[in-house]
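Please find below some notes on the charged side-chain contacts, set out as numbered points.

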Amino acid sequence: MFTGNMASLSVGELQEMEVDRRGESEESGDDETRRRSINGDVDPNQPATTSKEESPVDMDTITLDPEEEDVDLVHCRIGKIEGLEVLQKAKTLSLRQNLIKKIENLDSLSSLRELDLYDNQIRKLENLHNLTELEQLDVSFNILRKVEGLEQLTQLKKLFLLHNKISSIANLENLIGLEMLELGSNRIRVIENLDTLASLQSLFLGTNKITQLQNLEGLHNLTVLSIQSNRITKIEGLQNLVNLRELYLSHNGIEVIEGLENNKKLTTLDIAANRVKKIENINHLTELQEFWMNDNQIDNWSDLDELKNAKSLETVYLERNPLQKDPQYRRKIMLALPSVRQIDATFIRF
């Protein structure tokens with residue numbers, strides 16, 4: 001876990017943070033106020049979480065424009081959702097960083113396309129059944145324990161439930177149009193109940209308690225899979241994910257690179273911070289552009305031959321492996337992999 005002041009971190013830790021950041025969904029909520037999660041902690045560069053000691057304001061004190069389509073009520077100390085019926089033209093409603101405890105009184109906003117409730121005090125997904133046009137829902141950084149109450153949201157394309165207390169993946173079967181699912185930083189132990197999500201393109205499950213890669217067979221359109229900071233010990237169950245382009249498996253307990261025979265479209269492979277001793281079984285990944293293998297146990301230079309077929313390879317992370325002790329470390333990587341433009345956090349100068 002990364003906490004505290006950025007200035008107090010070592011260079012190695014900062015670089016490790018950079019690695020971790022790669023596999024988290026970049027878009028939780030709107031672009032301007034999004035935060036990135038680093039291993040389950042909030043990015044220190046972003047605004048602090050709303051203080052729970054603040055006293056809520058009365059909605060009567062907030063002026064609402066009935067003509068507004070994009071309603072932004074961020075950090076207004078709103079304690080209860082009420083009096084929003086006037087917003088009949090609203091397409092997006094942002095209520096992030098408030099003091100809201102319950103989802104309620106939204107029934108009349110049936111034209112809503114995006115609802116953002118990020119960083120509140122919500123305990124339950126409820127009272128959303130009328131929002132049948134909703135395409136994006138963000139209830140990240142709350143205190144949800146279950147995925148529920150979404151059955152009517154069949155138009156939903158993006159669902160963000162990052163950093164809650166959710167213990168299982170459930171009740172998503174009606175969301176057949178879902179393209180992005182973010183469940184990072186929860187308490188999930190098993191990948192399950194995703195069979196009907198054939199449209200899913202991005203799945204983020206980082207910082208949970210998952211021990212096995214399984215039940216992914218139906219996700220033929222998946223292009224991004226992030227399962228960093230879990231308890232995975234074996235790469236398996238990916239054979240049907242033929243369209244996968246980005247795979248993030250850092251900070252697990254993986255010992256062998258295997259099980260990627262059918263994932264020939266991979267452009268990014270992140271296996272940093274595992275227990276891998278040998279780079280193997282990836283010479284068929286000819287489209288690879290980024291390869292993250294720092295913080296492992298690689299000690300043989302001949303392993304780099306596995307990457308020679310990846311003619312577009314640009315970025316390689318190998319620091320904090322036994323290889324790095326070689327005084328010719330950077331030079332040997334450059335000679336073995338001439339297409340590479342970045343080694344670890346440093347670009348190559350020509």
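1. In this predicted model, Arg96 and Asp138 form a salt bridge through their side chains, with an N to O distance of 3.7 Å. Arg96 sits in the loop between β4 (92–94) and β5 (114–116), while Asp138 belongs to strand β6 (residues 136–138), so the contact ties together parts 42 residues apart in sequence.

2. Both partners of this pair should be described as buried. Arg96 has a relative accessibility of 0%, and the relative accessible area of Asp138 is 0%. Buried here means under 20%.

3. The Arg96 contact should be discussed along with its network: salt bridges link Arg96, Asp116 and Asp138.

4. A salt bridge also joins the side chains of Lys234 and Glu258, at 3.3 Å from N to O. This pair links distant parts of the chain, 24 residues apart: Lys234 is in the loop between β10 (224–226) and β11 (246–248), and Glu258 is in the loop between β11 and β12 (268–270). Lys234 is partly exposed at 36% relative accessible area, and Glu258 is likewise classed as partly exposed, at 24% relative accessibility.

5. For Lys308 and Asp305, the side chains meet in a salt bridge with an N to O distance of 3.2 Å. Lys308 counts as partly exposed, with 40% relative accessibility. Asp305 also counts as partly exposed, with 43%.

6. As for the total, the structure contains 11 salt bridges. Among them are the pairs Arg96 and Asp138, Lys234 and Glu258, and Lys308 and Asp305.

Key: Residues are numbered from 1 along each chain as its sequence is written. This is a predicted model: local features need pLDDT of at least 70, side-chain atom pairs count only at pLDDT 80 or more; totals for chains, interfaces and linings use all residues. Side-chain values use heavy atoms; hydrogens and water are left out. A salt bridge is a side-chain nitrogen of Lys or Arg within 4 Å of a carboxyl oxygen of Asp or Glu. Helices (H or I, at least four residues) and strands (E, at least two) are DSSP runs, numbered from the N terminus. Buried means under 20% relative accessible area, exposed over 50%, partly exposed in between (1.4 Å probe, protein chains only).
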